[in-house]
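Look through the sequence and the model first, then follow the paragraphs below from one site to the next.

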Amino acid sequence: MTVNSFSGPFRVGERVQLTGPKGKLNSITLATGAEFHTHRGAIDHDAIIGQPDGSVVTNTVGVEYLVLRPLLTDFVMSMPRGAAIIYPKDAAQILGQADIFPGATVVEAGVGSGALSLWLLRAIGPEGRLSSFERREEFADVAMANVTAFSGSTPGNWSITLGDLSEALPEQHPDHSVDRVVLDMLAPWECIPAVTDALKPGGVVLCYVATVTQLSRVVETIRSTGAFTDPQPSETMIRSWHVEGLAVRPDHRMIGHTGFLVTARRLAPGAQLPELKRRASKSEYSDDDVETWTPGALGERGISPKSLRKRVRMATATATARTAGDAGHPVPGDDADPE
């Protein structure tokens, strides 16, 4: 049985989110006859199955838990990760700034852990097409399992290609056939020539980069092609607020810098962008400057092979339980605690 409902009573094989009295979140896969154990009692899965979303259940010692289907935001923040994910605040901006629309043909590189893939698939709908490119097979495995676990099946309009986008993209998409391109990689400027050929006139390229050196390099590379509108860089920060009666103040913690977004639109072939009047600034750079922009100089935080293999197993187990509706206990390590 494939479970892909996002409403209605809870069903066997679904992932649900339990919120305890202290606000801690635990995600479990519902299975007939199974139990969720804590140091303060247990909850029968059968007591949850068949209940409506937003129900409250009581464990064996009287502790109450709120039961909800995880939102996509909840899922991506707690799912097994091969690579660092794009946070929901940035994913929302990507969907807006890149103007991802139903039925669009979208190219994504790299796929990471599949978080952005989930947002893109939801935005393009069943009539759209998402082509993801990833250099590392282990990351692709984690992403595929995570998307399957959330969706209930592997989307038929989604593909993952192992390899370098700059080499594989022309084989997958002919010139001027792609509506949107999202690049989340260490050196996105290396893929700009291939992206330039693939995008339709008016199409959007969006690059997600972490550092100011990457930001400078990708903006100047896009400008140098003469095939795009002037790149628009931005970043997004979120600050939540504490509101309790008359005690109203900003929270002490906030989600600050996670990355920069750079967007530009493809010009028609042969079109020349009207020259913009700018104030004088340092726009020239030397070979030494370029060297500081290289992937080796920028550095990349790695993950050990042992840890990556463990996360592949975790993601695959969750996907298998979701698609089969099979019996089983919560996947170890998939608890989510936003605090």
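Is Glu-14 buried or exposed? This is a predicted model, and in it Glu-14 has a relative accessible area of 2%. Buried means under 20%, so Glu-14 counts as buried. Along the chain, Glu-14 is found in the segment before strand 1, which covers residues 15-19. The side chain of Glu-14 reaches the backbone nitrogen of Arg-11 at a distance of 2.8 Å.

The next topic is aromatic rings. A pair of such rings is described by two values, the distance of the centres and the angle of the planes. The structure holds one aromatic pair. Its members are Phe-75 and Phe-150, with ring centres 5.1 Å apart and planes at 50°, so the pair is tilted. Where do the two residues lie? Phe-75 belongs to helix 1 (residues 72-78) and Phe-150 to helix 4 (residues 137-151), so the pair ties together parts that are 75 residues apart in sequence. Phe-75 and Phe-150 are both buried. Another ring, that of Phe-139, has a charge over it: the charged end of Arg-136 sits there, 4.5 Å from the ring centre.

Now turn to the empty space inside the model. Rolling a probe the size of a water molecule over the atoms shows where such space is left. How many cavities of 30 Å³ or more are there? The count comes to two.

The largest cavity contains about 90 Å³ of space. It is lined by 11 residues, and the closest to its centre are Arg-15, Ser-27, Phe-75, Ser-78 and Met-79. Phe-75 thus appears again: it is a member of the aromatic pair and one of the residues that line this cavity. Strand 1 and helix 1 each supply at least two residues of the lining of the largest cavity. The largest share, three residues, comes from helix 1. By type, the lining of the largest cavity divides into four nonpolar, four polar and three charged residues.

The second largest cavity has a volume of about 60 Å³. Its lining is made up of 13 residues, and Ile-86, Val-111, Gly-112, Leu-116 and Asp-184 are the closest to its centre. Here the largest share of the lining, three residues, comes from helix 3 (residues 115-124). The lining of the second largest cavity divides into six nonpolar, five polar and two charged residues.

The last topic is the backbone. Which peptide bond is cis, with omega near -15°? The bond from Ala-109 to Gly-110 is. Gly-110 is found in the loop between strand 7 (105-109) and helix 3. Helix 3 has come up before, in the lining of the second largest cavity.

Two residues can be examined for their phi angles. Asp-99 has a phi near 55°, a positive value in a residue other than glycine. Its place is in the loop between helix 2 (88-97) and strand 7. With 42% relative accessibility, Asp-99 counts as partly exposed. His-176 is not a glycine either, and its phi is positive too, at about 60°. The loop that holds His-176 runs between helix 5 (165-172) and strand 10 (178-184). At 36% relative accessibility, His-176 counts as partly exposed.

Terms used:
Residues are numbered from 1 along each chain as its sequence is written. This is a predicted model: local features need pLDDT of at least 70, side-chain atom pairs count only at pLDDT 80 or more; totals for chains, interfaces and linings use all residues. Side-chain values use heavy atoms; hydrogens and water are left out. Rings of Phe, Tyr and Trp (its six-membered ring) pair if their centres lie within 6.5 Å; planes under 30 degrees apart count as stacked, over 60 as edge-to-face and the rest as tilted. Helices (H or I, at least four residues) and strands (E, at least two) are DSSP runs, numbered from the N terminus. Buried means under 20% relative accessible area, exposed over 50%, partly exposed in between (1.4 Å probe, protein chains only). A charge sits over a ring if NZ of Lys or CZ of Arg is within 6 Å of the ring centre and within 35 degrees of the ring normal. A polar contact is a pair of N or O atoms within 3.5 Å; within protein, one must be able to donate a hydrogen and the other to accept it, and residues adjacent in sequence count only if both atoms are side-chain atoms. On a 1 Å grid over the protein atoms alone, a cavity is a set of points where a 1.4 Å probe fits but cannot get out, and a pocket is an open set with protein on both sides within 12 Å along at least five of seven lines; lining residues have an atom within 4 Å of a point. Grid points are joined across faces, edges and corners, and a volume is the space filled by probe spheres set on the points. Ala, Val, Leu, Ile, Met, Phe, Trp, Tyr, Cys and Pro count as nonpolar, Asp, Glu, Lys and Arg as charged, and the others, Gly among them, as polar.
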